[in-house]
Amino acid sequence: MRKLAKLTSNLFAFAFLGMQFVPTATMPKTSATTGAHMAEVINPQVGAILDRSCQDCHSSRTAWPWYSHVAPLSWIVSKHVSAGREILDFSDWANQPHSADERMLICDAVSDGRMPLPEYTLIHRNAKLSKRDVELICNWAAAGD
C-alpha cells in the first residue's frame, strides 16, 4: 500500500512538473503605461471602482500574481484575461466613443453578479463590489458620462 502511495505521489509530481513546460496559448501583453486609469477618464469615483475591480482582466494594466505563472492556473488566468479584453478593454476607453448600450452592458454584468468573476473575487477580495459600487456604476452607465 505504501509503495502504491509513493508511486502515485511521484506520478502527480512528475505530471505537475511537466505541466510547467506547456506554455499558455497566448499570454496577453501587459503595460503599465498603456491607457489611462479609468479614474482619469470618467467619473473619478466610478473609475476608481472599475480600476480596482476590473482592470486586471479588462485592460492592458493586468497585475500578474505569482500563481498566474504556474500551470495549470496560468492557462486559466491567461484565458480569462484574453476573453475579458476581447469583450471589453478599458485601455483605450478615452480614445473611442462608447454607446449607452455598451455602458449598460457593464451595469448588467455587475448587477447580476457575473462580474467580477466569483473565482477572481475569491482571491482578490478588494475587487468585490458592494451594492453602493454597483449603484454608482449603473448610475454612471445610465447618465452616459
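This passage describes the fold, a bent helix, the cysteines, the nonpolar core and two cis peptide bonds of a predicted model.

The protein chain holds seven helices and zero strands, so that, read from the N terminus, its elements run α-α-α-α-α-α-α. Of its 145 residues, 35% are buried. Contacts that reach far along the sequence are well represented: among those between residues at least 6 apart, 74% join residues at least 24 apart.

Helix H3, covering residues 44-58, is a good place to begin a closer look. A straight helix of 15 residues would span 21 Å at 1.5 Å a residue, yet the end C-alpha atoms of H3 are only 18 Å apart. The helix also bends, by about 50°, at Arg-52. At the start of H3, a side-chain oxygen of Asn-43 comes within 2.8 Å of the backbone nitrogen of Gln-45.

H3 is largely enclosed by the rest of the structure, because eleven of its 15 residues are buried. On the N-terminal side of Arg-52, the buried residues include Val-46, Gly-47, Ile-49, Leu-50 and Asp-51. The remainder of the buried set is Ser-53, Cys-54, Gln-55, Asp-56, Cys-57 and His-58. The cover over these buried residues includes helix H2 (38-41) and helix H4 (73-87), together with helix H6 (118-123) and helix H7 (131-143).

The cysteines come next. The model has one disulfide, and it joins Cys-107 to Cys-138 with an S to S distance of 2.0 Å. The link is right-handed, with 100° about the S-S bond. It connects distant parts of the chain, since Cys-107 sits in helix H5 (residues 100-111) and Cys-138 in helix H7, 31 residues apart. Both Cys-107 and Cys-138 are buried.

Cys-54, by contrast, is in no disulfide. The cysteine sulfur nearest to that of Cys-54 belongs to Cys-57, 8.9 Å away. Seen from the other side, the closest cysteine sulfur to that of Cys-57 is in Cys-54, and 8.9 Å is too far for a bond, given that a disulfide requires sulfur atoms within 2.5 Å. Cys-54 is buried, with a relative accessible area of 12%, and Cys-57 is buried as well, at 17%.

In soluble globular proteins, nonpolar side chains tend to be buried together. Here the largest nonpolar core has 19 residues, of which Leu-50, Phe-90, Trp-93, Ile-137 and Trp-140 touch the most other members. At least two residues of this core come from each of H3, H5 and H7, and H7 gives the largest share, six residues. Phe-90 offers a handy view of the surroundings: leaving aside neighbours within four places in sequence, Phe-90 is in contact with Met-38, Leu-50, Cys-54, His-58, Ser-59 and Ile-106. Three of these partners, Leu-50, Cys-54 and His-58, also appear among the buried residues of H3.

Finally, the backbone deserves a glance. Most peptide bonds are trans. Two prolines in this model follow cis bonds. The bond between Ala-71 and Pro-72 is cis, with omega of about 5°, and Pro-72 lies in the loop between H3 and H4. The bond from Met-115 to Pro-116 is likewise cis, with omega near -15°, and Pro-116 is found in the loop between H5 and H6.

Technical notes
Residues are numbered from 1 along each chain as its sequence is written. This is a predicted model: local features need pLDDT of at least 70, side-chain atom pairs count only at pLDDT 80 or more; totals for chains, interfaces and linings use all residues. Side-chain values use heavy atoms; hydrogens and water are left out. Helices (H or I, at least four residues) and strands (E, at least two) are DSSP runs, numbered from the N terminus. The expected span of a helix is 1.5 Å times one less than its number of residues. The bend at a residue is the angle between axes fitted to the seven residues ending there and the seven starting there. Buried means under 20% relative accessible area, exposed over 50%, partly exposed in between (1.4 Å probe, protein chains only). Contact means heavy atoms within 4.5 Å. A polar contact is a pair of N or O atoms within 3.5 Å; within protein, one must be able to donate a hydrogen and the other to accept it, and residues adjacent in sequence count only if both atoms are side-chain atoms. A nonpolar core is a set of buried Ala, Val, Leu, Ile, Met, Phe, Trp, Tyr and Cys residues joined through side-chain atoms within 4.5 Å.
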